[in-house]
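Here is a friendly walk through one protein model, from its helices to its pockets and a few individual residues. Keep the 3D view open as you read.

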Amino acid sequence: MAPSPVTASPEVLTHLKDLHTKSLTQESTVDWHNLPQQCSPEFDSIMVDKFIALDQDKCELVYHILRSINAKTAVEAGTSFGVSTIYLALAVAENAKRVSATTKPRVIATEKEDSKAKIAREHWAKAGKEIEDVIDLRVGDLRETLTSDLGTVDFLLLDIWTPLALPALKLVQPHFRPGAVIIVDNTVKAKDRYQELFAYVDAEGSGFRRVTMPYEGGLDMIVYQ
């Protein structure tokens with residue numbers, strides 16, 4: 001068996017594997033074809049206790065992208081139970097070691113639901129203080145929590161319900177450094193619901209370049225130039 005592509009202790013890797021297993025088990029019970037409209041009260045009540053974590057192979061790719069672009073600050077739109085957040089934190093923490101002890105890595109995480117935020121914090125605590133200390137969790141509507149104190153952003157993960165994808169991107173865009181990377185999940189599976197986002201980033205002169213990668217459900221990589 002090949003070694004994990006993620007630099008982390010055996011305990012953290014086991015913790016991540018367990019979280020992915022729980023997420024997949026839970027997702028198998030969701031009736032995806034008959035859900036209410038995203039971001040509606042009915043939809044939120046169904047999803048309030050669901051992981052809906054980014055798939056492990058996608059998380060590993062995200063980790064490698066952050067390492068390759070030497071990201072120190074990442075924003076995560078859609079934290080849920082905080083699984084992918086651990087990968088982001090591991091990557092920026094390793095990158096910060098390359099520079100100096102004074103460089104502060106940061107993952108700005110967003111979550112609407114208090115109950116999910118509480119569980120996410122428990123998962124981070126189990127992953128260790130190195131993870132906890134990197135994460136700046138902002139609880140509430142991301143259209144309010146991402147309006148200030150972002151600094152220079154190297155990476156944005158849009159693992160969020162589709163109606164919030166473009167608003168999140170627009171809030172973070174003024175803070176992107178040249179070469180910043182944006183990853184968007186389920187871009188093939190939810191292609192029709194991403195049309196507004198695609199039109200925005202594909203527009204002439206937008207400053208973005210986009211490619212769809214052949215992952216389950218689709219995964220888009222967008223580079224801000």
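## A well-covered helix

Let's begin with helix α4, which covers residues 83-97 and so counts 15 residues. From its first C-alpha to its last, α4 reaches 22 Å, close to the 21 Å expected at 1.5 Å a residue. Please keep in mind that this is a predicted model.

How many of the 15 residues of α4 are buried? The count is 14, so the helix is mostly covered, with buried taken as under 20% relative accessible area.

## Where α8 meets α9

Next, turn to helix α8 (residues 165-172) and helix α9 (residues 195-202). Their axes lie 8 Å apart, and the two helices pack at an angle of about 35°. On the α8 side, the residues that take part are Ala 165, Leu 166, Leu 169 and Lys 170. Their partners in α9 are Glu 196, Leu 197, Tyr 200 and Val 201. Sorted by class, this contact holds six nonpolar and two charged residues, with no polar ones.

The spacing of these residues fits a general rule. An α-helix has 3.6 residues a turn, so residues three or four places apart point the same way.

## The largest pocket

If you plan to look at cavities and clefts, start here: the largest pocket holds about 1100 Å³ of space. Its lining counts 47 residues, and the closest to its centre are Gln 38, Phe 43, Ile 52, Ile 160 and Trp 161. By class, the lining is made up of 20 nonpolar, twelve polar and 15 charged residues.

Which elements each supply at least two residues of this lining? They are α2 (41-47), α4, β2 (106-111) and α7 (142-145). The largest share belongs to α2, with three residues.

## The second largest pocket

The second largest pocket has about 270 Å³ of space. Twelve residues line it, and Ser 4, Pro 5, Leu 13, Gln 56 and Glu 60 are the closest to its centre. Eight of the lining residues are nonpolar, two are polar and two are charged.

Two helices, α1 (10-27) and α3 (56-68), each give at least two residues to this lining. The biggest contribution, three residues, is that of α1.

## Ala 74 in strand β1

Now for a single residue. Ala 74 sits in strand β1, which runs over residues 73-77. Is Ala 74 buried or exposed? Its relative accessibility is 0%, so Ala 74 counts as buried.

Beyond its neighbours within four places in sequence, Ala 74 is in contact with Leu 66, Val 92, Arg 106, Val 107, Ile 108 and Phe 155. Val 153 is 79 residues away along the chain, yet the C-alpha atoms of Ala 74 and Val 153 are separated by 6.0 Å.

## Two positive phi values

Most residues other than glycine have a negative phi. Against that background, two residues deserve a look. Ile 52, which is not a glycine, has a positive phi of about 50°. Ile 52 is placed in the loop between α2 and α3, and is buried because its relative accessible area is 18%, under the 20% cut-off. Ile 52 also appears among the residues closest to the centre of the largest pocket.

The other is Ser 80, whose phi is also positive, near 55°. Ser 80 belongs to the loop between β1 and α4. With a relative accessibility of 9%, Ser 80 counts as buried.

## Cys 39 and Pro 163

Finally, consider a pair of loop residues that touch. Cys 39 lies in the loop between α1 and α2, while Pro 163 is in the loop between β4 (153-158) and α8. Cys 39 is partly exposed at 30% relative accessibility, and Pro 163 is partly exposed too, at 44%.

Setting aside neighbours within four places in sequence, Cys 39 is in contact with Asp 44, Trp 161, Pro 163 and Leu 164. On the same basis, Pro 163 is in contact with Gln 38 and Cys 39. Cys 39 and Trp 161 are 122 residues apart in sequence, while their C-alpha atoms are 7.1 Å apart in space. For Pro 163 and Leu 197, 34 residues apart along the chain, the C-alpha separation is 9.2 Å.

How values were computed:
Residues numbered from 1 in each chain as written. Predicted model: local features only at pLDDT ≥ 70, side-chain atom pairs only at ≥ 80, totals over all residues. Heavy atoms only, no water. Helix = DSSP H or I, 4+ residues; strand = E, 2+ residues; numbered from the N terminus. Expected span 1.5 Å × (residues − 1). Buried < 20%, exposed > 50% of the residue type's maximum accessible area, 1.4 Å probe, protein only. Axes fitted to C-alpha atoms, helices over the stretch in contact; angles between N-to-C directions. Contact = heavy atoms within 4.5 Å. Nonpolar A, V, L, I, M, F, W, Y, C, P; charged D, E, K, R; others polar. 1 Å grid on protein atoms, 1.4 Å probe; cavity = no way out; pocket = protein on both sides within 12 Å on 5 of 7 lines; lining within 4 Å. Points joined across faces, edges and corners; volume = space filled by probe spheres on them.
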